[in-house]
Amino acid sequence: VAAEHCAGVPAPAGNETCQAYFGCEWVMGNWQECNTTCGDGVEIRLIACSSGSDAECAGVAKPASQRSCTATSGCTSTLAPEATTPAQAGASNTTAAGPAAV
């Protein structure tokens with residue numbers, strides 16, 4: 001700035017550091033695995049401001065750091081056992097593939 005524009009304003013003493021906040025953006029990590037292996041759960045990811053200070057990204061909408069998920073890899077599928085009555089407990093464990101012979 002030309003000196004004539006600064007009449008009556010003292011000059012700063014030496015250099016001062018400054019940091020521009022424009023251009024800061026949120027940096028998103030990868031989604032982690034669902035926190036469950038069977039059923040509904042949550043996935044999370046790390047979100048950080050590109051400047052290293054979240055306060056400097058305050059003017060930019062922060063992306064979601066968690067979302068819902070449904071996992072099935074740990075689910076076990078079991079068929080209900082056939083009903084057993086006390087009378088059937090002593091019966092033979094054989095089954096017929098067709099009509100019973102008489």
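Setting aside residues up to four places away in sequence, C49 touches C24, E25, W26, D54, E56 and C57. This cysteine has its place in strand β3, and it is buried, with a relative accessible area of 5%. C49 can also be set against V60, which stands 11 residues away in sequence and lies at a C-alpha to C-alpha separation of 9.6 Å. These values, like those that follow, are computed from a predicted model.

From this starting point one can step back to the overall arrangement. The protein contains one helix and four strands, and from the N terminus on these elements follow the order β-β-β-β-α. Of the 102 residues in the protein, 12% are buried, while the exposed area amounts to about 8,800 Å², of which carbon and sulfur atoms supply 55%. Where contacts join residues at least 6 apart in sequence, 54% of them connect residues at least 24 apart.

Confidence in the model should be kept in view while reading it. The mean pLDDT of the protein is 76, and 59% of its residues reach 70 or more. Over residues 88-102 the pLDDT is below 50, and this stretch has two contacts in the model beyond near neighbours in sequence.

Two of the contact partners of C49, namely D54 and E56, lead on to the charged residues. E56 is found in the loop between β3 and β4, and although this glutamate is buried, it has no salt bridge, the nearest side chain of opposite charge being that of K62, 14 Å away. The side chain of E56 does, however, meet the side chain of S51 in a polar contact of 2.6 Å. D54, by contrast, forms a salt bridge with K62, in which the closest N and O atoms are 4.0 Å apart; because the cut-off for a salt bridge is a nitrogen to oxygen separation within 4 Å, this pair should be read as lying at the limit of the criterion. D54 is partly exposed, with a relative accessible area of 37%, and K62 is likewise partly exposed, with a value of 48%.

The structure holds two salt bridges, and the other one joins the side chains of E43 and R67, with an N to O distance of 2.5 Å. This pair links distant parts of the chain, since E43 belongs to strand β2 and R67 to strand β4, with their positions 24 residues apart in sequence. As for their surroundings, E43 counts as buried at 15% relative accessibility, whereas R67 counts as partly exposed at 38%.

E43 also enters the description of R45, which is found in the loop between β2 (39-44) and β3 (47-49). R45 is buried yet has no salt bridge, and the nearest side chain of opposite charge, that of E43, is 8.9 Å away. What the side chain of R45 does reach is the backbone oxygen of A64, at 2.9 Å. Not counting residues up to four places away in sequence, R45 touches M28, G29, N30 and W31, together with P63, A64 and S65.

Strand β4, already met through R67, also contains A71. At 12% relative accessibility A71 counts as buried, and, leaving aside its neighbours within four places in sequence, this alanine is in contact with C34, T36, T37, C38 and G39. For one of these partners, T37, the C-alpha atom is separated from that of A71 by 5.2 Å, although the two residues are 34 residues apart along the chain.

Beyond that strand the chain continues to S73, which lies in the loop between β4 (66-71) and α1 (86-89). S73 is exposed, with a relative accessible area of 67%, in contrast to A71, which counts as buried. C38, one of the residues in contact with A71, can also be related to S73: the two are 35 residues apart in sequence and 6.4 Å apart in space, C-alpha to C-alpha.

How values were computed. Residues numbered from 1 in each chain as written. Predicted model: local features only at pLDDT ≥ 70, side-chain atom pairs only at ≥ 80, totals over all residues. Heavy atoms only, no water. Helix = DSSP H or I, 4+ residues; strand = E, 2+ residues; numbered from the N terminus. Buried < 20%, exposed > 50% of the residue type's maximum accessible area, 1.4 Å probe, protein only. Contact = heavy atoms within 4.5 Å. Areas by Shrake-Rupley, 256 points an atom, 1.4 Å probe, with all protein chains shown as cover. pLDDT = per-residue confidence, 0-100. Lys, Arg positive; Asp, Glu negative; His and termini not counted. Polar contact = N/O pair within 3.5 Å; in protein donor to acceptor, adjacent residues only side chain to side chain.
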